Structure formats: C-alpha cells, structure tokens
Amino acid sequence: MALDFQRYIGLFVSEAGDHLTALGRDLVALEQAVRAGGAEAQLRPLIDSIFRHAHSVKGMSASMELPAIAALAHKAEDLVDVFRGDAGRVEPACIDLLLTTGDALADMVQASGRNERPPADADLMKRLVDMARRLKAGLPLVQGPPTEPPPGPGRGAAPPAAAPPAEPAAEAPPAPPPAAAPAEPEPAAGPVQRLRLEVEIAPACPVPAVRAFLVVKKLSALGANLASAPAVEELKAGRLPDGRITVWMETAEPVERLKRALGQISDLGRVEIEVEAALAEPVAHAAAAHGAGSAAEPSRTVRVRTEILDGFVDAVGELLLATARIREVGRALPDQYRPPLDEGVDRLHAIVKDLHDKVMAVRMTPLATVTERLPRAARDVARKLGRQVEVEIQGSEIELDRAILEELADPLTHVLRNAVDHGIEAPHLRLLAGKPAAGRITVTARRDRDRVVVELSDDGQGMDTARLREAAVTRGTLSADQAAALTDREALLLACLPGLSTAEKVTDVSGRGVGLDAVKRTVEAVGGVLEIESAPGVGTRIVLRLPLTVAVQPVLLVGVGTEVLGLPISKVHGAAHVVYSTLDRSRGEPILPYDGELVPVYDLATLLGFTATGRDERAVVVAEVSDGRIGLAVDALLGQQEAVLKPLGTPLGAVSGLSAVTVMGNGRPVFILDVQRLLAA
Amino acid sequence: MAKRVLIVDDAIFMRNMIKDIFSGSGFEVVGEAANGLEAVEKYKELKPDLTTMDIVMPFKSGIEATREIIKADPRAVVVMCSALGQESLVMEAIEAGASDFIVKPFKSEDVLTVVKKVLGGV
C-alpha cells in the first residue's frame, strides 16, 4: 500500500521551510550568545532548539522518502548533538558550517517541491562528520575540507537514508482487543449530573495549554463535555491566560472517579468540582463519550494556500463594487421604489463589509514572518564587512496584512543592511569612540491605533546632514540656498532621493543610492510613511508607519476630461466648486482661499499631461502633501467609493504619480493617484 | 512486580537517557524501538505497562504509532516525549490516545513523577 507522497509535498515544503528558517535564526542567536560569553543555561535552550529543528527536518524528510535531505539533516543533527553535551564547544566555524548546511537543506527542500531529488552535497556531509568527530575528540578545528578519511560509523544510529523496511506492519491484521477482563470493575453509574470543574495548572508547567487540553480530553472520555473556558481552539493555539481551565460537563460518573482520573495527570494544582444541576434524563452517554463533546470540539486549524486568500479578497472587493453599482442604478428609479431597494442595498453592504473584515482578519500575519530573517541577514553582511552586530527584535507578534508584509520584507532587509553597512562602524573605531565593539540594531514593532509602527534603530555613526545637503547640491537636485534652508529632519530625507548616495564606495551590500528611495516608495505605496531620525555618532532610527490593511481604501473619484481618476480619501482634505478664471493668482499661479489659508492650485490635466479641457466651472480638491495643502483642479467630482486597490505591475509601476489601480463596477479600470509623487515629477 | 517499559525514540542517546532514568527506579525496561513501525510491533509483542514515545521519528511518527497501539489495546498507557514547540503535535497525540506527556529537556524526577501518576489508578 504505497502512500501518495505527492499529496503532502506542499505541506512538507512549507513546514520544513519553517523549520529551516527557525534553524538559521537560532544559529545566529547562538552565535551572538556565545560571543557575549553566555552561560551554559543561556546557550542550552538555543542548542536544543537548533537540534530539534534539524531533527524535525530529518524526520519529516525521511517520512517523505527524501533520503538525501534526511541524511544531510542527520549529519547536522549529529554535529549539534556534540554541543548538547558541552555548550562550551560552540565555535564560529561550526555555526558557519551549520548555516551553510541549513541553506543547502532549504534548497533541497525547495527542489523536492518541484519534484526534483538533488543528492546531498558529499563534501558538506564530510565536513559535518569531520567537525563532529574533531569536536568529540577535542581536536582543533581545521579550516577547509578535511584531509583525513571520514571516521567509521559514529554513534551507530543508522541514517534514515537506509531503505525503509519492506511492507510495514499496517498490512498485518490488527491485534484483537485484549481478552483480559478490565482490571477493576467499573463503578456503578449514578444519576446524570451537570458539573462545573475548575482545574488549576501548576505555574511551573512549561506548556500549560497542552496540560489543559489533556484535562479536557480526559474528562471528555468520562461524560459529555458541554463546554470549556478557554475553548479547545484557544488551547490549541497555546492560550491559557489564567493558568486554569473550567469545564462544564454532564456525566453519570461519580465525582470521586473524575477526581481520580484528574489525579493521574501531572502538573495540576487545585481541582474544584461543583454540581450545577442534577438532570432527570440521563444523557446518551455512550454516544456522547465517543463524540467527545461535540459542543466543545474545536474547528481545526488549516493551512490555506495564499492564492486562495487573495482570491477571497478579490471576490469580496468585487462584491463591494457590485453593491455600489446596484446602489447607483437604484438612483435612477422613481421615488416610490427606492426605499425598499436602498434598504436591501444597505443590508447587503453591511454584510459584505462584515465579510470583508473577516477575510482581512484571516490575512493578518505576524510580523515575525518578516523579522525572523533579519538577524541572519545582518550577520551575513556584518561578516562580509568585518563588523560585529547584534540584532534585537521586539514586537514580532504584531500582526499586519499579508500583502503589506510581503511588500515590507525586502525594504526592511534593505534598511537593515544599510544600517550594518553605513551605520555600524568597524569594531576598532567603535572601541575608540567608547562604544562596545559589537554594534546593536533594534527592530521594534508596536500598534499605534490603526497603524503599526516599525522602528529600526542602530547605535552606529549616524547620518551626516551636511554631506547629504552637499550631495543633493552636487547632483543638481537642490540649489545651495534651498539645501541650506532645509531643516535637519528634511535633510535626512534627502537620503531617499533616487541616486543620491554619500557612500564613499559602492559595495554589493548597499550604497548604490537605490536603497532608501525604493524603501520609501514601497512604504508609501502601501499607504505608509517613512521617517528618519539621526544623530552623528549616536545612531540612526528609521521609522515606518504602516496601515494594518491595504486592500480596500475609500477613494474620491474625479473626472478630468473623459478620464476618471481616484484620490485616496486619506489624503483629501476637502473640495470646492470654483470658477477657474476668477481665482486669485500669485506669481501667475492660481490660489484658492481655503480654511483660512491660501492654497496653491495645480491643474490635474496639465500635471498628467492630458489636454486641458478649458472648462471654467470646475472643482478643486484640496489634498495633503508633506509640506502642506495643495489644490488640484478637476472637471468634476464623481463621488466617493470603496476601492479594491491592486498594485501596478511593470511597466505602469514605474510611472511616477500612479500608486495603484482599481476596477469599477462597470469593469472600467481607474488609476489611483499618488499626489506627492505627482507633484515631484 | 516492577512495571515493564517500552522506550521509543529514534535517537540512541535519548533511549539511553530514558533507560537510565527507569532502570534506577524500580522499572524494567523490556524493549526499545527506534521508529514508529518498530514501536507498534514491539508493543504487540511485549505488551508493556508503559510506553514512552518520541513524536518526530522516521517511517512512522509517534502520533501514528500511538494511534495504532491504542487501537490494538485501548488500555495502553503511552507517554509522549515532546519538545517545547511541539505543543500542537502533543495535542494531536493526546487525541490519538496518549495518556500524558513529558517535555524535553527533562529531569529524571519529572519523568518518574509523570509516569507514576499515570500508572497510579483507575
């Protein structure tokens, strides 16, 4: 009976990939801990975790009949096993080798997803075996490949690469249930009672939620579980906030018997059992015991392919648009038909909104999926450049929309590399400046109302605003006067101008001047803001303020000639109808008195390179840009709409001034404008 | 009479460690298995009072092995040896019929406490 492994390969690639990412993260953390002179007690959990990840990959790949992956993981596990015996043996060379192995494993796992079966790198296997042997024998570690033959079978455990045993026992007839009579008589079942059991989990228990789950499971075998608090789903997610579990159940078992059953579970504290009601009718006990508390039965967790989730968002977006379309069509109906239609549309809209919120909630993903690769990236850059750096990450449990996270992965890595390359000084310079040799980069994330703020700060040399001003003038972006007039905060943002780099030499790490510019664009494209703070000699802080979700945003639709365009409502301050020719002018440019100030007005058609319609009765939309408010003259205001924003692919993404596209109810695409960049263009 | 124990783990060092814990404490280790397949066979052959079961193992996981053992003998007492981070696997094993679990890295007294409790009644 051959298993159809193909069915599981997607899951395998995803789960093994998770383990290998975690393996890399823990290795980097271990290296930092070793360098910081960490005690055995600090290193131990990391080593155990590394071992476990290697072990899991080995086990999973063996189960998938991928012997090459299993064999390589096994060798890695063997090496880590040496550290488990003595954490003092960990050396940088070992970590390098294990990281290389992790990368090789990740490649092999990916290949298996494409139905390829690359062999394990024999040289890598040999180096792992050799290093483990040398460590065990207390020999010095050599650089480069070993010259001696690899040792004979080491610990003796046959690698899972060996052919699996022939037909497994699954074909054998199952053993008959034990004929022996139960060891003790079942106590007589009494009247059915509804009980409330409150069980404390010992504070020392390392996995309290699992203990609580065991309690619920044990009890469900003895009666009908009605409910538990926290619910089983919560326990499965690892949540047991109060350190106690409350179970309501109906059972005919005597309380003593329940107490005895709970007495068999370790790590429990106080147990309280309270009879809530004696029930006249016995419950269908046998059925209930097997159905094991259907009321409390959890909805199981599933992994869902991300394309399906994206499909949901698109579908919900279309629903929103279709709803808007029906509403619009309804406006043309005679008055007496409109109230019932409007009522129906309102209700539909509310339901679709609710569905939208739920779909968006499903897409929320912890920031950890992006941040966990940062320590590794920082380490690789630091090693290449001869720097030392420690990365600390806080708040990685904070959740963001998956679409934003995906956009964020590269920019964050880029900012981090920048910090190592341009921020953190070489160790001897740091020591001269009275700083510790290893630089420190802290990545923190926190919720701030409906935004998530991600900060990346380093304790490096900071940014030199004078040099940024100079570079901007040399490049011709600013005149000397303009550059001098900038505040320091504004001058720091010059680092985001395309092509402006003050790096003395371009490395393959950063310094090409495409970095921060791309980062800023990406952050703004998802509706976020980038800020820079820096103090020379003290360090730099890059702040990303991001929206929680991106996909649906309210937009204001405007007409320019025959074109329809969208402006994000978040940037729109207000609008006014004007007779264009009567607007006051300042130095020839029209200005609009608005809210006590004079706002410069730009003709949107001209900005976009359209032919001006020459209409005089027009509307002006007042929008917020970074240095105040501006007016955009348009031909018509077409109303507000919730739009599903889709990012622009190439080549449209490169067009300055467009941020996204949305599709209207009638199928017509509408571009969403990025006002800030439109003016800069 | 000493309780009879079957130890299932794919790592020899783990088996040795668990064996040492039991041998010094009045248990009789009657067998060892290095994977889930062996575990099911050895269980049927030896009918131990207690089985300690690693979760992640080649060929057949500890969860699957537990499920088969419980199917063959609903009164079997299987204690999972898990690691931190394997919580969801442990819960799966509990659903498969495991009686309790211990979390690696463990101290010998913790193992004995769990095992004695789990064998101590009903």
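**Exercise 1. Find which residues of α2(B) meet which residues of α3(B), then work out how the two helices run.**

Step 1. Start with the contacts in this predicted model. On the α2(B) side you'll find B:Gly36, B:Ala39, B:Val40, B:Tyr43 and B:Lys44, and they meet B:Gly62, B:Glu64, B:Ala65, B:Glu68, B:Ile69 and B:Ala72 in α3(B).

Step 2. Sort those residues by character: the contact of α2(B) with α3(B) has 6 nonpolar, 2 polar and 3 charged residues.

Step 3. Now look at the axes. Helix α2 (residues 36-46) and helix α3 (residues 62-72) of chain B have axes 8 Å apart and pack at an angle of about 20°. Angles under 35 degrees count as roughly parallel, so α2(B) is roughly parallel to α3(B).

Step 4. Finish with the handedness: the crossing of α2(B) past α3(B) is right-handed.

**Exercise 2. Check how the span of helix α1 in chain A compares with the expected one, and see what comes just after the helix.**

Step 1. Count along the helix: α1(A) covers residues 9-35, which is 27 residues.

Step 2. Compare the spans. From first C-alpha to last, α1(A) reaches 38 Å, close to the 39 Å expected at 1.5 Å a residue.

Step 3. Step just past the end of α1(A), and you meet A:Gly37 with a positive phi of about 70°.

**Exercise 3. Describe the side of chain A that touches chain B.**

Step 1. Get the totals: 34 residues of chain A are in contact with 36 residues of chain B.

Step 2. Ask which elements of chain A give two or more residues to this side. They are α2 (40-63), α6 (208-220) and α8 (255-263). The largest share, 7 residues, comes from α2(A).

Step 3. Sort this side of chain A by character, and you get 19 nonpolar, 9 polar and 6 charged residues.

Step 4. Check the confidence scores too. The predictor gives the complex an ipTM of 0.82 and a pTM of 0.44. Chain B has an average pLDDT of 87, with 98% of the residues scoring at least 70.

**Exercise 4. Track down two backbone features in loops of chain A.**

Step 1. Go to the loop between β2 (224-229) and α7 (232-236) of chain A, where A:Pro230 lies. The peptide bond leading from A:Ala229 to A:Pro230 is cis, and its omega is near -5°.

Step 2. Move on to the loop between β15 (584-586) and β16 (589-594) of chain A, home of A:Arg587. This residue isn't a glycine, yet the phi of A:Arg587 is positive, near 50°.

How values were computed
Residues numbered from 1 in each chain as written. Chains lettered and ligands numbered in written order. Predicted model: local features only at pLDDT ≥ 70, side-chain atom pairs only at ≥ 80, totals over all residues. Helix = DSSP H or I, 4+ residues; strand = E, 2+ residues; numbered from the N terminus. Expected span 1.5 Å × (residues − 1). Axes fitted to C-alpha atoms, helices over the stretch in contact; angles between N-to-C directions. Parallel < 35°, antiparallel > 145°, perpendicular 65-115°, else oblique. Left-handed = near helix turned anticlockwise from the far one by under 90°. Contact = placed C-beta atoms within 7 Å. Nonpolar A, V, L, I, M, F, W, Y, C, P; charged D, E, K, R; others polar. pLDDT = per-residue confidence, 0-100.
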